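Hi,

Here is the structure I promised to pass on, with my notes underneath. Have a look at it first, then read on.

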Amino acid sequence: MINSFCCQCYSQRGAAYAALLVMLLPVMWPALVSPLGHASPSAFSEWNAPKPRHLSLLKGALQREFANEQKSELWAPLAPQGWKPCVPSSSITGNPVKSTGYIQVFLDGGLNQQRMGICDAVAVAKILNATLVIPHLEVNPVWQDSSSFEEIYDVDHFINVLKDEISVVRELPSEYSWSTRDYYAVAIRATRIKTAPVHASASWYLENVLPVLQSYGIAAIAPFSHRLAFDNLPGELQRLRCKVNFRALAFVPHINALGEMLVKRLRYPGRAHSDEYIEEVVDENVSQGSGKYVTLHLRFDKDMAAHSACDFGGGKAERLALAKYRQVIWQGRVMNSQFTDEELRNQGRCPLTPEEIGLLLAALGFDSQTRLYLASHKVYGGEARISSLRKLFPLMENKKSLASSDELVKVEGKASLLAAVDYYVSIKSDVFISASPGNMHNAMVGHRTYENLKTIRPNMALLGQLFLNKSLEWSEFQQQVYADHRGRQGQIRVRKPKQSIYTYPAPDCMCLG
């Protein structure tokens, strides 16, 4: 009896130790579950390599054939829709009046969230008749990128485009040099505004920030992301936000040059190789070709995968790693985690996996000769996760496959600069599609709507339901996807109340006729 009891104790203790070891793996050896790039999948990916979840559809997609008419329609540019940008190059709001003081903003998030914050900061400065200091970009907590505004955007261009709207300065004059991020980090300061509500009205800024400007000559607003309303603002203020977004925010020359080089190498793969100089690739004689490409924004990093609370087929180890990540980063407070994977997919709340976005593109008519540019940072699960996508589109490229390490040296390791290059290549592409909603998706939908460029918006709810149906044949899947998405390829959608002007620029910044 005693021996049996002891064996049982040892068995329970052993199980407890094993469970504890698995729980501690992400903490003790983070590399095991970290998101990885093309070259080296994680140890978890090797133990439980993500396998195709839709084998029947994948087999059908690999044998796909389409009529020439369908291919021609797919690549055809959008016909004019009657809407055109109505933001004039000249002054929208009139010359700046005497400044009430200096406005500083501290912006968190990634490149595209910060971009929206910059546009809002210009509008707030206009509301207050204040001078805007070039915004401070916070270090991104996910990518640990400390790139500054000056490293990403052309400051002289920014100031010049806005000179008839507001006053912009690179830095504060010496009498205000004390107003820094470190100054506001250590104590409560009278010049810091930290209570700005999300989507605050213009009157809120006049009532709460203007008095600070009048008293101290300066006001620092932090946090500032999403701190200006989209509704009930004067039309000229809305158009000013679009002027910032689509005209004032130009990347620094080396990002534009690198982006243009990648575009040329995508369009003319026989002419441009990674050992050529950028100047040779941007030769005007090369620009007479007709090569086309699709940009796929594939955000499938660990942060996104964990926050979605969806099951991506990596087995128990992956589910455990993502659950642990949710606990550490968000203390488990993730709304989606209260639903089952099936419920989330039926609601369209799961981002598409690389395999699923590949099946969508194949169903729409893109064949294996399609040149596909992958705009992404790192894919959680590494090469195993994108192997099905690569089988469907063997001509898939990214920054590293198109450019040499020497050509990428100025942007390597800097997430915001890499994202800026992806933004440039994405806006130049013939077709853009994103595997999941998010800031990059929203920014591209808005910018490409403004330019009347083809942008495919996946119907996440429909796709979630189709992928749950394991008995679905390829032909039926292809027919449903093709029929549903014919009206989701860049057709103008007028902004509704509370929707973002940066995603839906019509009718605030686009005019009929």
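Let's start at Val244: setting aside residues within four places in sequence, Val244 is in contact with Ile118, Cys119, Val122, Phe158, Leu162 and Leu249. Bear in mind throughout that this is a predicted model. Val244 belongs to the largest nonpolar core, which has 85 residues. Val244 is also among the members that touch the most others, a group that includes Ile103, Leu128, Phe149, Phe158, Tyr205 and Ile221. The biggest giver to this core is helix α5 (residues 111–128), with 11 residues. There is a second core too, separate from that one, with 52 residues, including Leu389, Val431, Ile456 and Val481.

Now the cysteines. By the distance rule, the count is 3 disulfides. If you number the bonded cysteines in sequence order, they pair up 1-6, 2-5, 3-4. Taking them one by one:

- Cys86 to Cys511: the S to S distance is 2.4 Å. The torsion about the S-S bond is about 90°, so this disulfide is right-handed. Cys86 sits in the loop between β1 (83–85) and β2 (102–107) and Cys511 in strand β13 (residues 510–512), so the bond ties together parts that are 425 residues apart in sequence. Cys511 is partly exposed, at 33% relative accessible area.
- Cys242 to Cys509: here the sulfurs are 1.9 Å apart. With a torsion of about 80°, this disulfide is right-handed. Cys242 comes from helix α11 (residues 235–248) and Cys509 from the loop between α23 (474–485) and β13, so parts 267 residues apart in sequence are tied together. Cys242 is buried at 1% relative accessibility, and Cys509 is buried at 0%.
- Cys310 to Cys350: the sulfur atoms are 2.0 Å apart. The torsion is about -95°, so this disulfide is left-handed. Cys310 is in the loop between α14 (302–308) and α15 (315–330), and Cys350 is in the loop between α16 (341–346) and α17 (354–364), 40 residues apart. Cys310 is buried at 7%, and Cys350 is buried at 5%.

So what about Cys119, one of the contacts of Val244? Cys119 is in no disulfide, and the nearest cysteine sulfur, that of Cys242, is 8.0 Å away. A pair counts as a disulfide within 2.5 Å, so at 8.0 Å Cys119 and Cys242 do not make one. Cys119 is buried, with a relative accessible area of 0%.

On to the charged side chains, where the count comes to 23 salt bridges. Two of them involve helix α12 (residues 253–267). Within that helix, Lys264 forms a salt bridge with Glu260, the closest N and O atoms being 3.6 Å apart. The two residues are 4 apart in sequence, about one turn of the helix. Which side of the cut-off do they fall on, buried or exposed? Lys264 is buried at 9% relative accessible area, and Glu260 is buried at 17%.

Arg265, in the same helix, α12, pairs with Glu407, with the closest N and O atoms 3.0 Å apart. Glu407 lies in the loop between α19 (399–402) and α20 (415–428), so this pair ties together parts that are 142 residues apart in sequence. Arg265 is buried at 2%, and Glu407 counts as buried at 16%.

Elsewhere, Arg390 and Glu383 meet in a salt bridge at 3.0 Å, N to O. Arg390 is partly exposed, with a relative accessible area of 25%. Asp231, Arg495 and Asp508 are linked in a network of salt bridges.

Last, the sheet. Five strands make up an open sheet, in the order β10-β9-β8-β11-β12, with parallel pairing. The edges are β10 (396–397) and β12 (455–456), each of which pairs on one side only. Strand β9 (residues 372–375) is joined to β10 by 2 bridges, the two running parallel, and Tyr373 stands opposite Glu397 in β10. Helix α21 (residues 439–450) lies across β8 (294–297), β11 (431–434) and β12, at about 150° to β11.

Over to you.

Key
Residues are numbered from 1 along each chain as its sequence is written. This is a predicted model: local features need pLDDT of at least 70, side-chain atom pairs count only at pLDDT 80 or more; totals for chains, interfaces and linings use all residues. Side-chain values use heavy atoms; hydrogens and water are left out. Two strands pair if DSSP finds at least two bridges between them. Contact means heavy atoms within 4.5 Å. Axes are lines fitted to C-alpha atoms, for helices over the stretch in contact, and angles run from 0 to 180 degrees between N-to-C directions. A nonpolar core is a set of buried Ala, Val, Leu, Ile, Met, Phe, Trp, Tyr and Cys residues joined through side-chain atoms within 4.5 Å. Buried means under 20% relative accessible area, exposed over 50%, partly exposed in between (1.4 Å probe, protein chains only). A salt bridge is a side-chain nitrogen of Lys or Arg within 4 Å of a carboxyl oxygen of Asp or Glu.
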